[in-house]
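Please find below a short note for a colleague who is new to this structure. The points concern selected helices and their surroundings.

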Amino acid sequence: MLTPLMLLKSSFTPIFLVQTPKSKAQKLHHAFTKTFLTNSTPPVRHNASLNFATPPPASSAYFHLPFCRKRCHYCDFPIVALGSASTQTHHDPRVSNYIDWLCREITATKVDQPASTTPLQTVYFGGGTPSLVPPAMVSSVLESLRVKFGLCKDAEISMEMDPGTFGAEKMREMIALGVNRVSLGVQAFQEELLRACGRAHGVQEVHEAISVVKSCGVENWSIDLIASLPHQSCEMWEESLRLTIESQPSHVSVYDLQIEQGTKFGRLYSPGEFPMPSETQSAEFYKMASRMLTDANYNHYEISSYCKSGYECKHNFIYWKNEPFYAFGLGSASFVGGLRYSRPRKVNDYINFVQNLEKGIVDSSGDGNINGKDTAMDVVMLSLRTAQGLDLKSFQESFGSSVVLSLLEAYKPYVESGLVVCLDEHRRTIIDDLDYSFWDKTNTEKRVAYIRLSDPEGFLLSNELIALAFGVIDSWKVSPQYQEAKST
C-alpha cells in the first residue's frame, strides 16, 4: 500500500503532495524506509511502541519481492525489471536466486520468542510485482516463515498483484498457499493515463484481473488508484472512482502522485506545473474520492484507505499502531526491539547483508533502547493518519499529562476551525463552545479521550497539523513516568 508517513520529519507539505505511488501505488511499508532511514543516515534508528516496559513481540512480516516487468515512470523504489514480456518466471535465475537469499535471511534472523508462542498474525508480500513470482517460490518463503516464526491458522496473508501478471490458475494456487487478501494495482481506468505512466498493463487487463479475483472467490481484495497524474482530468478521476465502486472491492486505496528525483517523471515534470495538477486540483481529487467512496458505504479509516465494514487491512494497522514487525528483502525496513533497520536497496549489497547476518556480523533486531521524543512523534504521526486518531489516555500514560495538555492547547484554534476533532471515551464528538477552561487539566483529562483530524479538510492539512505536534514534542522534557518505564 502507500506511504502513510511523511518523507522526512523536517519537511512537511500538504498531504496530497507527500505520497509517491510506485508500481502498486506506493507501498505503505516503504514509508518506514523513507521516513526513518534515508540514504544520508545510518540504516538504523531506535524507537519503540507505546508500551515501553514490556514491548510486544513482532506479530507481522513484510516481504519485498522486487520483480517488475518494467519500471513505471514515477517509481523510485528498489526493483528488478525482468522485461515487458516476462510473466512466466519459473526458470528465471534472477527470481529463484533472490528467493533463496530471502529464505536465508528468514533463517538467520534473530527471534526473541519460540515460534510456537508468538506465531505471526499478518504477512504482506509487496514489491515490485509479487504476482510475477511463481507460487512454488512463494510457498518456499511461507514455509521458511512457518518454521522460523510460526504462522496463525487465520493469519491475514496479503499479496500485491498487477493486472496482466496472473490468471485464474495462478490465483487459485496462491489461495491454496494461504493468500487471502489481494491488493490489485489498477491505478487508472483510462488507457492514455496507463500508457503515460509507463504501466505494463492496459484497461482490458484491468477488467480481466478484476474478473479473475472475483471468480476465484477472493472476498478480501483492494483496488489501488493514483490521483494527480499528468493530464488527469476531474472527469477521468470520477470515472476511475465510479468503475472502482462498480467493481465492488472490499477495500480501496487512493494515493496522490509525488514527483521523485531520478525518475522519468522527475525529468519531465515539475510539481504544480502543467500538465501536473495544481495543489487546488489535487485537493479536489482527494475530496471527490472521500465523498464518492463514503457515499458508497466505504469507511474512510485512514488518510489513503477506505473499506467495507470489517475489511480494514490488519497488516497496515501494525504500522499505524507503531507496533513491531519483521521485514525481509531488498530495501525493506523492520522494527524489532525498538530498532528500525533498513536493508540495502541493491541486490549485491543485499546478498552481502544476508551473508553478514548469517555470520553474526550484523543484527537487525534492537535491544530495547528507545528515544522518548522520537517515539512520541511517531505515535502522533501514525495515529493522526487514522480515523481513530490519537488515544490521549495511552499517550498520557506513556509520556505524561503535560505534553498532552500542550498538544491540546496547540490544537485549540484548529478544533475551533473544525480541522481537529475532539472525542469522548465513547468516540462521540465534543461540540461545546470552546474557551480556555475547556482545556483545563482536570476537565480535559476527564472529557477528551481522543483527537483526530476531520475528513477531508483535516486530512488534507495533516502534514502541517502533525508538524505542529512535533514542535510541541520537541520542546518537551521527558516525563518521570517515561524514564521509569524505560528503565524497567
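The numbered points below treat the model and then three helices.

1. This is a predicted model, in which local features need pLDDT of at least 70 and side-chain atom pairs count only at pLDDT 80 or more, while totals for chains, interfaces and linings use all residues. Residues are numbered from 1 along each chain as its sequence is written, and side-chain values use heavy atoms, without hydrogens and water.

2. Helices here are DSSP runs (H or I, at least four residues), as are strands (E, at least two), numbered from the N terminus. Helix α2 (residues 93-108) packs against helix α3 (residues 135-149) at an angle of about 5 degrees, their axes being 9 Å apart. The two are therefore roughly parallel (angles under 35 degrees). Axes are lines fitted to C-alpha atoms over the stretch in contact, and angles run from 0 to 180 degrees between N-to-C directions.

3. In α3, the buried residues (under 20% relative accessible area, 1.4 Å probe, protein chains only) are Pro 135, Met 137, Val 138, Val 141, Leu 142, Ser 144, Leu 145 and Phe 149. Their cover includes α2, β5 (120-127) and β6 (151-161). Just after α3, Gly 150 has a positive phi of about 80 degrees.

4. Helix α17 (residues 462-474) has 13 residues and should span 18 Å at 1.5 Å a residue, which agrees with the 18 Å between its end C-alpha atoms; the expected span is 1.5 Å times one less than the number of residues. Among its buried residues are Leu 465, Ile 466 and Phe 470. The buried residues of α17 pack against elements including α12 (372-383) and α14 (401-417).

Technical notes: Parallel < 35°, antiparallel > 145°, perpendicular 65-115°, else oblique. Buried < 20%, exposed > 50% of the residue type's maximum accessible area, 1.4 Å probe, protein only. Contact = heavy atoms within 4.5 Å.
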